[in-house]
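Here are my notes for you on this one. Have the structure open while you read, and take the points one at a time.

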Amino acid sequence: MQNTLKIALIIIILIYIFFIIKSVKRKNMRINYLIFWSITAVILIISLLIPNLVEYISCKLGFEMPINMIFSLAIFIILYLIFNLTSQISNLERKNTALVQEVSILKKKIQDLEKLYNIDGGGENEK
Amino acid sequence: MKILLIIPAYNEEENILKVYDNINNYNLDKEEKIDYIVINDGSKDNTERILEENNINHINLIQNLGIGGAVQTGYKYAYENDYDIAIQFDGDGQHDINYIKNICGPIEKGEADMVIGTRYLDKRSSKFQSTFMRRFGSKIISLTIKICCRKKITDPTSGFRAINKEIIKLFSEEYPTEYPEPESTVEVLSRKYNVSEVPVNMNERIAGKSFVNVWTSIDYMLKVILAIIIDNFSIRRRRGKK
């Protein structure tokens, strides 16, 4: 395996593991995502431990250079991730809208009731 | 029939009082009063203070949701309070309150589930015919709806519309928030409800500006067309499965 590739992989894995451990400690990520990130870390470690694995696979698949395979793999994984994220954002937006509407309507009801019973000295009825 | 005007307002400090006065004047000589609710969509100006000081019936959205989310809040309110007809009515003074009778007519007679107030049906009834670009955009969107739903809607982007109880329930559960006017029309049409149109008069905005230029309108048009096709497709598929 090329030395530059090796060094790059080592650095990436170190940063990776650092972030994963950090978020495990803070408990700020769902297990689902943690599993995804851990699996990618494990794949990186395996490709480092078995010296000619990356070369072998990329050669078999017809890549001219191993790094090309890694790049294209990374791009596909990132595309998949972004797609997932946008669909989740849309989902969250919808839920957020429903939440804002519900809270605002409830707030109005509470204020109307307060006015009706003069709880904070708020004058006459609304209508 | 209990009628509710839903008035979405975003930064309408200059117009909202005028609209409120119009409603009061309209109610003066009618036996059947219409109710209203102003949805303050997180305005950054003094809209909230004006609503509060004048005791105008309103809901303050705790966050800005955009016109679609604001109007849907009104529909939810209408559903909870058991209204028979809900009318979307702009807070910027564009819509003429005297056309409410016309717009409710087909619903009261049971001829339509949704009535759209249209600018283009009768040239004389509306002084404000809007710009060429808007009319052109409307034509194309209307053509798309005709192809998808086989029904001609002359003014699919009109925000002056009335719906009956059944549609209030539908909209309070599911209302498109991205391009609410054309998309909700498609939602209703693809569920095989009756939509009809009546000519209305629209004034130019009392104050403030609407920001439209060529590129944003082309961008808007393309996205709306896509949205219509997707909506129509997904609703039909769901109907098919049932």
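1. Start with helix 1 (3-26) and helix 2 (31-49) of chain A: each of them gives at least two residues to a nonpolar patch. Keep in mind that you're looking at a predicted model.

2. Who's in that patch? The members are I17(A), I21(A), V42(A), I45(A), I46(A), L49(A) and I50(A). They lie on the surface, and together they have about 590 Å² of accessible area. Helix 2 of chain A puts in the largest share, with four residues.

3. Take I17(A) as a test case, and find it in helix 1 of chain A. Is I17(A) exposed or partly exposed? Its relative accessibility is 32%, so I17(A) counts as partly exposed. That class sits between under 20% for buried and over 50% for exposed.

4. Now look at where the two chains meet. On the chain A side, 15 residues are in contact with 19 residues of chain B. About 1500 Å² is buried between chain A and chain B, and carbon and sulfur atoms give 52% of that area.

5. What about charges and polar groups there? Two salt bridges turn up across the interface of chain A and chain B. K109(A) and E80(B) form a salt bridge, and their closest N and O atoms are 2.9 Å apart. There are also eight residue pairs in polar contact between chain A and chain B, counting pairs with both residues at pLDDT 80 or more.

6. Chain B next. You can trace eight helices and seven strands in chain B. Of its 242 residues, 55% count as buried. Its accessible surface comes to about 11800 Å², and 52% of that belongs to carbon and sulfur atoms.

7. Which contacts in chain B link residues 24 or more positions apart? Take the contacts in chain B with a separation of 6 or more: 74% of them are between residues 24 or more positions apart.

8. Why is helix 7 of chain B described as largely enclosed by the rest of the structure? Helix 7 covers residues 180-190, and eleven of its eleven residues are buried, so that description fits. Don't expect just nonpolar names when you click through: the buried residues of helix 7 of chain B include E181(B), E183(B) and E187(B), along with V186(B), V188(B) and L189(B).

9. One last stop, just past that helix. K192(B) follows helix 7 of chain B, and its phi is positive, near 65°.

Conventions:
Residues are numbered from 1 along each chain as its sequence is written. Chains are lettered from A and ligands numbered from 1 in the order in which they are written. This is a predicted model: local features need pLDDT of at least 70, side-chain atom pairs count only at pLDDT 80 or more; totals for chains, interfaces and linings use all residues. Side-chain values use heavy atoms; hydrogens and water are left out. Patches are made of residues with over 30% relative accessible area and no salt bridge: like charges are joined within 9 Å, nonpolar side chains (Val, Leu, Ile, Met, Phe, Trp, Tyr) within 5 Å. Accessible areas come from the Shrake-Rupley method with a 1.4 Å probe; for residues, only the protein chains shown count as cover. A salt bridge is a side-chain nitrogen of Lys or Arg within 4 Å of a carboxyl oxygen of Asp or Glu. Buried means under 20% relative accessible area, exposed over 50%, partly exposed in between (1.4 Å probe, protein chains only). Contact means heavy atoms within 4.5 Å. Buried area is the accessible area (1.4 Å probe) that two parts lose on being put together, summed over both. A polar contact is a pair of N or O atoms within 3.5 Å; within protein, one must be able to donate a hydrogen and the other to accept it, and residues adjacent in sequence count only if both atoms are side-chain atoms.
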